[in-house]
Amino acid sequence: MTLDYCELAQICAALTEGETDPVALMATLACEIHHADDRFDWTGFYRVVAPDQLKIGPYQGVHACLSIPFDRGVCGVCAREEVAKIVADVHAFPGYIACSSTTQSELVLPVWNGRGKLIGVLDIDSDQPGAFTLEDAVELAEILHTAFGQVKK
């Protein structure tokens, strides 16, 4: 299946229009993004809950890590650096946290609120190596921007 980002963006915008609660936004986006592409085995959010600490948020897929510090894993590095991470081979990533034995590649995007404060990360795992592209990162970042009214610091 080829992912139509234009269609996904329209669906996500329509479903989240006027919503300001971050958990409601995360739950809706996790569901829509997860079911939009067969490459996406686990799709969800980790929320910033304390300085340098992420906790599981709304997601689609099997159980996952509950807590991730900013100094570990792809999600932690993304949160610490506030920069998207595309990892073609998670087993080659220093400090990778294996929440699922089937994950081969990962895409993680920072999520900011309308004031430019980091509120979490969007994490997408795939059981296919090299599953994610720069296009995926750019298009999904735009969907996040629209839903959260994101402003990067």
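Two elements are said to be in contact here when they have heavy atoms within 4.5 Å of each other. With that in hand, let's walk through this structure, which is a predicted model.

We can start with a pair of helices. On helix α1 (residues 5–16), the residues Y5, L8, A9, C12, A13 and T16 meet E135, D136, E139, L140, I143, T146 and A147 of α4. Sorted by class, this contact has eight nonpolar, two polar and three charged residues. As for geometry, α1 and helix α4 (residues 134–148) pack at an angle of about 20°, and their axes are 9 Å apart. Angles under 35 degrees count as roughly parallel, and α1 and α4 are therefore roughly parallel to each other. Their crossing is right-handed.

Now turn to the sheet. Six strands form an open sheet in the order β3-β2-β1-β6-β5-β4, and the pairing is antiparallel. At its edges are β3 (67–69) and β4 (85–87), each of which pairs on one side only. If you ignore direction, neighbouring strands of this sheet are turned by 25° against each other on average.

Strand β1 is a handy place to look at the pairing in detail. Strand β1 (residues 42–50) pairs with strand β6 (residues 118–126) over six bridges, in the antiparallel sense; here Y46 of β1 stands opposite V121 in β6. With strand β2 (residues 53–60), β1 also forms an antiparallel pair over six bridges, and in this case R47 stands opposite K55 in β2. In a regular strand the side chains alternate between the two faces of the sheet. The hairpin of β1 and β2 has two residues between the strands, and D52 takes a positive phi near 60° there.

Moving on from β2 brings us to the edge strand β3. The antiparallel pairing of β2 and β3 runs over three bridges, and L54 has I68 in β3 as its bridge partner.

Two further helices belong with the sheet. Helix α3 (residues 73–81) packs on the sheet and touches β1, β2, β3, β4, β5 (105–112) and β6. The direction of α3 makes about 30° with that of β5. Helix α2 (residues 22–34), in turn, lies across β1, β2 and β6 and runs at about 160° to β1.

To retrace the route in the viewer, begin at the contact of α1 with α4, follow the sheet through the order β3-β2-β1-β6-β5-β4, and finish with α3 packed on the sheet and α2 lying across β1, β2 and β6.

Conventions
Residues are numbered from 1 along each chain as its sequence is written. This is a predicted model: local features need pLDDT of at least 70, side-chain atom pairs count only at pLDDT 80 or more; totals for chains, interfaces and linings use all residues. Side-chain values use heavy atoms; hydrogens and water are left out. Two strands pair if DSSP finds at least two bridges between them. Helices (H or I, at least four residues) and strands (E, at least two) are DSSP runs, numbered from the N terminus. Axes are lines fitted to C-alpha atoms, for helices over the stretch in contact, and angles run from 0 to 180 degrees between N-to-C directions. Angles under 35 degrees count as roughly parallel, over 145 as roughly antiparallel, 65 to 115 as roughly perpendicular and the rest as oblique. A crossing is left-handed if the near helix is turned anticlockwise from the far one by less than a right angle, and right-handed if clockwise. Ala, Val, Leu, Ile, Met, Phe, Trp, Tyr, Cys and Pro count as nonpolar, Asp, Glu, Lys and Arg as charged, and the others, Gly among them, as polar.
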